[in-house]
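Open the model in your viewer and show it as a cartoon with side chains available. This tour goes stop by stop, with a selection at each.

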Amino acid sequence: MAIPIHPSPVARVLPLALGLTASLFIPVALTGQKNCTRTSTGLVPLNDMGSAVYKTFAGGLYPGGNSPPPAHAVAGTIASQAIQPLDAQGQPSASGRIVLVSIGMSNTTREFSHFVRMSNADPKRKPAVRVVDLAQGGMDARKVAQANHQFWTVADQRLQSAGLTPAQVQVAWVKQAIARPTKAFPSSAEELRDLLGQIARNLKTKFPNIRIAYFSSRIYAGYAGTVLSPEPYAYEGGFAARWLIEQQIQGTGNLNHVAGNGAVVAPWLAWGPYLWADGTTPRSDGLTWVCADFENDGIHPAISACVKVANMLHRHFTTDVTSKPWYGDGSGGGNAASVTLYGKPCDGSVGTLKIRRNSNPTLGNQNFALGVAGAKAGTLALFYLSARSDKLPIQGCTILIDFSQTIATLGMVTGNNGSAILRMQIPNDQSLMGAIAYAQWFNQDSGSQNLQLIGGGAATAGARVVVGN
């Protein structure tokens, strides 16, 4: 969730005292620092272009608009209805699996790994579905387009480690780019389009039962401090995906997916979530990318961006007409805003520490608040919001959020009644629909026998926060 809370130095006390780290990913070698002044390029997202053009090229996600032409949509429905649980040999089986994988580079694996955890915790997902991250750092489109590249060997190893086989893979999410691009538009986008086409054909070769491949654009790269893949290449990559899908629609580009038309060499191709927005300029659905959404190089997504992309993926797979039949029941698993408690609190010297809320975290709610009650008056209360829950027993308490996935932290001093309240503005951003985060309060309490590592303390139960309507 995009919540305007800034890390407080005092809020580092607990994880540091517990010896926990706050780093999820192996650091990327940087050649420059992000430039947070580049909040906009002035470019218009493809799905907002209408009749406008970019360097003479029409926008829209598909020819004629943002929806697939009727014949292609029907073909997608047919492909979706053919997806069913398969055994290890790829034969239909009631106890088989429907495997969804990711294909791409470092940004893709960072974002999809968050979606994997979200999907695995989603009770709305069908029991047969398995989600496996095959994307790998440093593997740009030029590498993955090579059918004999090490990328595919690692992909097979990951499937094997998950107890799955290539014959069970039926759906892929593809997000790719060319590292250190130099060509001018449209040549740069045409090169990426052709590489994506080869990747689509590789998918059919590597995963013979694949039915659907969803493509996504890059997120904003205006803050980039490196030449790895800055703007306008991130924006223009959206045209590459659009042109690829358009080729299949028009029957060109060697992307046939219909058995009656000859050899099937590719899955049915369509858009997954379109991820690009012009920095802090809201897209028509409210999507923005702020500088804090990125690591120091301005290219790789920080945890907040990964969560945002994971939420958009979750919304796509639970609501799209071509994914609902095989992925879930179509309710989205998060349309209703809610706060539910999990785990157990641990007491302080004055009683049980309790987490409170004043309303539900609905989109656009400017006054949503999570507070703490039952703390010792005039003491430090620490609030953590994380992308993932945890269960770590330590010195009489249980840490119920994952410090390595922290989205926001704040330290406050409790009032005379032993309470504190934190107000959070929930943006009216449709990409946050179904967003899930986990919260927990801690209280430094010298009179408590718990958490003696920090001089005594207490903790609330955890709170699972779902943004919705």
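Start with the internal space. This predicted model holds two cavities of 30 Å³ or more.

**Stop 1: the largest cavity.** Select Ile 178, Pro 181, Ser 188, Leu 192 and Tyr 233. Of the 17 lining residues, these lie nearest the centre of the largest cavity. Now colour helix H6 (187-206) and helix H7 (233-250); these are the elements that give two or more residues to its lining. The space inside is about 150 Å³. By class, the lining comprises seven nonpolar, five polar and five charged residues.

**Stop 2: the second largest cavity.** Keep H6 and H7 coloured. Select Gln 176, Leu 192, Leu 196, Phe 215, Ser 216, Ser 217, Arg 218, Gly 237 and Ala 241, which line the second largest cavity. Again, H6 and H7 are the elements that give two or more residues to the lining. About 40 Å³ of space lies here. Four lining residues are nonpolar, four are polar and one is charged.

**Stop 3: strand S10.** Select residues 368-373. Is this strand mostly covered or mostly open? Strand S10 is mostly covered, with six of its six residues buried. Next, split the side chains by direction. Phe 368, Leu 370 and Val 372 point one way, while Ala 369, Gly 371 and Ala 373 point the other way.

**Stop 4: the neighbours of S10.** Add strand S9 (residues 354-357), which pairs with S10 in the antiparallel sense over four bridges. Pick Arg 357; its bridge partner in S10 is Leu 370. Then add strand S15 (residues 420-424). S15 and S10 are also antiparallel, over five bridges. Finish at Phe 368, whose bridge partner in S15 is Met 424.

Terms used:
Residues numbered from 1 in each chain as written. Predicted model: local features only at pLDDT ≥ 70, side-chain atom pairs only at ≥ 80, totals over all residues. Heavy atoms only, no water. 1 Å grid on protein atoms, 1.4 Å probe; cavity = no way out; pocket = protein on both sides within 12 Å on 5 of 7 lines; lining within 4 Å. Points joined across faces, edges and corners; volume = space filled by probe spheres on them. Nonpolar A, V, L, I, M, F, W, Y, C, P; charged D, E, K, R; others polar. Buried < 20%, exposed > 50% of the residue type's maximum accessible area, 1.4 Å probe, protein only. Pairing = 2+ DSSP bridges.
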